[in-house]
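Subject: The structure I promised you

Hi,

Here is the structure we talked about, for you to open next to your notes. Have a look at it first, and then read on for what turned up.

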Amino acid sequence: MNNNWQPIETAPTKGKILLFTPGRGVEVGYWYESELMWDRGWSSKKMQRSELPTHWMPLPTPPGV
């Protein structure tokens with residue numbers, strides 16, 4: 001598995017991943033198909049167009065796994 005930041009254009013559209021957004025930093029998110037946009041998953045407020053992630057990375061393996 002590649003643990004380097006990748007361009008957002010190469011991100012998977014299934015499952016949660018780490019997203020990097022300039023000005024916001026790193027957040028867990030996923031592709032929200034019905035809205036055709038990235039979503040943080042923990043907030044009812046969707047990402048604004050000015051908050052689009054530029055890079056992604058797979059989630060790390062949890063401890064003890």
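Let me start with a small puzzle: which residue in β4 does Y32 stand opposite? The residue is M37. Before I go on, please keep in mind that this is a predicted model.

**The overall picture**

The protein chain has five strands and zero helices, so if you read the DSSP runs from the N terminus on, you get β-β-β-β-β. These five strands form an open sheet with antiparallel pairing, and the order across the sheet is β1-β5-β2-β3-β4. At the edges you will find β1 (6-7) and β4 (37-39), each of which pairs on one side only.

A few totals for the chain: it has 65 residues, and 29% of them count as buried. The accessible surface is about 4500 Å², with 57% of that belonging to carbon and sulfur atoms. If you take the contacts with a separation of 6 or more, 47% come from residues 24 or more positions apart.

**Walking through the strands**

Begin at β1. Two bridges join β1 to β5 (residues 55-57), and the two strands run antiparallel. If you want a spot to look at there, Q6 has W56 in β5 as its bridge partner.

Next, take β2 (residues 17-21). It pairs with β3 (residues 25-32) over five bridges, again in the antiparallel sense. Within that pairing, L19 stands opposite E27 in β3. β2 and β3 make a hairpin with three residues between them, and G23 in the turn has a positive phi of about 85 degrees.

β3 then goes on to β4: three bridges join these antiparallel strands, and the pair Y32 and M37 from my opening puzzle belongs here. This is a hairpin too, with four residues between β3 and β4. In its turn, L36 has a positive phi of about 55 degrees.

**Two residues to click on**

The first is W5, in the segment before β1. How far apart are W5 and W56, in sequence and in space? They are 51 residues apart in sequence, while their C-alpha atoms are 5.5 Å apart. Leaving out residues up to four places away in sequence, W5 touches L18, L19, F20, V26, H55, W56 and M57. Even with that list of contacts, W5 has a relative accessible area of 35%, so it counts as partly exposed, between the 20% and 50% cut-offs.

The second is T21, which sits in β2. Is T21 buried or exposed? T21 is buried: its relative accessible area is 1%, and anything under 20% gets that label. Setting aside neighbours within four places in sequence, T21 is in contact with E51, L52 and P53.

**The salt bridge**

The count comes to one salt bridge. R24 forms it with E27, and the closest N and O atoms are 3.1 Å apart. Side chains of opposite charge can pair when their charged atoms come close. You can also find the two side chains as a polar contact, at 3.1 Å. As for how covered the partners are, E27 in strand β3 has a relative accessible area of 10% and therefore counts as buried, with the cut-off at 20%. R24, at 35%, is partly exposed.

**The aromatic rings**

How many aromatic pairs does the count come to? It comes to three. One of them is Y30 with Y32, an edge-to-face pair with 6.4 Å from centre to centre and 80 degrees between the planes. Both of these tyrosines land in the partly exposed class: Y30 has 24% relative accessibility, and Y32 has 26%. Y32 is also the residue I asked you about at the start, opposite M37.

That's what I have for you. If you only have a few minutes, I'd go to W5 with its contacts, then to R24 and E27, and then to Y30 and Y32.

Cheers

Methods: Residues are numbered from 1 along each chain as its sequence is written. This is a predicted model: local features need pLDDT of at least 70, side-chain atom pairs count only at pLDDT 80 or more; totals for chains, interfaces and linings use all residues. Side-chain values use heavy atoms; hydrogens and water are left out. Two strands pair if DSSP finds at least two bridges between them. Buried means under 20% relative accessible area, exposed over 50%, partly exposed in between (1.4 Å probe, protein chains only). Contact means heavy atoms within 4.5 Å. Accessible areas come from the Shrake-Rupley method with a 1.4 Å probe; for residues, only the protein chains shown count as cover. A salt bridge is a side-chain nitrogen of Lys or Arg within 4 Å of a carboxyl oxygen of Asp or Glu. Rings of Phe, Tyr and Trp (its six-membered ring) pair if their centres lie within 6.5 Å; planes under 30 degrees apart count as stacked, over 60 as edge-to-face and the rest as tilted. A polar contact is a pair of N or O atoms within 3.5 Å; within protein, one must be able to donate a hydrogen and the other to accept it, and residues adjacent in sequence count only if both atoms are side-chain atoms.
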